[in-house]
Amino acid sequence: KRKASKDLLEEGDEPAKPSSTPAVDVAVHRMRFLDYQPKPIICLAPTSTSPTTAASDYVAVSRDNGTVELQSVDEKFRTVATVAGLSSRPVNVMTWTYGGGGS
């Protein structure tokens, strides 16, 4: 049978007061095998913030290894698409164009 915590205290001892900050249980997963090294960014091209466009905002990111990433600003810069490139030919300049919907 377990003794109550107050029975385990010595005579004259006071029980410990709870701390003012609440304890939070957090599960942590450590991955030692992942050797992620991000590549330097060469160029950024944000979409237009025109109030007439109803589309979401995106940022095109050109990296040193030649890849271009499309990141969603509305989703905390989550990468939504990646275009593989050649490390010998990095993309130095990018711009967005919008179709006119012509004939």
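**Group meeting: a walk through a four-strand model**

Okay, so to start: of the 103 residues in this chain, 14% are buried. Keep in mind that what's on screen is a predicted model.

What's in the fold? One helix and four strands, and if you read along the sequence you get α-β-β-β-β. As for contacts, take the ones between residues at least 6 apart in sequence: 27% of those join residues at least 24 apart. On the outside, the chain exposes about 9500 Å², with carbon and sulfur atoms supplying 53% of that area.

Now, confidence. The mean pLDDT over the chain is 79, and 69% of the residues score at least 70. Which element has the lowest mean pLDDT, and which has the highest? Helix 1 is at the bottom with 54, and strand 3 is at the top with 95. You all know the usual caveat: where pLDDT is low, the predicted coordinates shouldn't be read in detail.

So let's go to strand 3, which covers residues 68-72 and includes Q71. Is Q71 buried or exposed? Its relative accessibility is 11%, and the cut-off for buried is under 20%, so Q71 counts as buried. Its side chain makes a polar contact with the side chain of E69, at 3.0 Å. Setting aside neighbours within four places in sequence, Q71 also touches D57, Y58, V59, V61 and R63 on the earlier side, plus F77, R78 and T79 on the later side.

R63 comes up again with my next residue, P90. That proline sits in the segment after strand 4, the strand spanning 78-83. With neighbours within four places left out, P90 is in contact with R63, D64 and G66. There's also a pairing with V68: P90 and V68 are 22 residues apart in sequence, but C-alpha to C-alpha they're 9.0 Å apart in space. P90 has a relative accessible area of 29%, so we call it partly exposed.

Last stop, the surface. M31, F33, L34 and Y36 make a nonpolar patch of about 520 Å². Where does Y36 sit? In the loop between helix 1, residues 5-8, and strand 1, residues 41-46. Y36 is exposed because its relative accessible area is 62%, and the cut-off for exposed is over 50%.

To wrap up, here are the three residues side by side: Q71 is buried, P90 is partly exposed, and Y36 is exposed. That's it from me.

Definitions and conventions. Residues numbered from 1 in each chain as written. Predicted model: local features only at pLDDT ≥ 70, side-chain atom pairs only at ≥ 80, totals over all residues. Heavy atoms only, no water. Helix = DSSP H or I, 4+ residues; strand = E, 2+ residues; numbered from the N terminus. Buried < 20%, exposed > 50% of the residue type's maximum accessible area, 1.4 Å probe, protein only. Polar contact = N/O pair within 3.5 Å; in protein donor to acceptor, adjacent residues only side chain to side chain. Contact = heavy atoms within 4.5 Å. Patch = residues over 30% accessible without salt bridge, like charges linked within 9 Å, V, L, I, M, F, W, Y side chains within 5 Å. Areas by Shrake-Rupley, 256 points an atom, 1.4 Å probe, with all protein chains shown as cover. Salt bridge = Lys/Arg side-chain N within 4 Å of Asp/Glu carboxyl O. pLDDT = per-residue confidence, 0-100.
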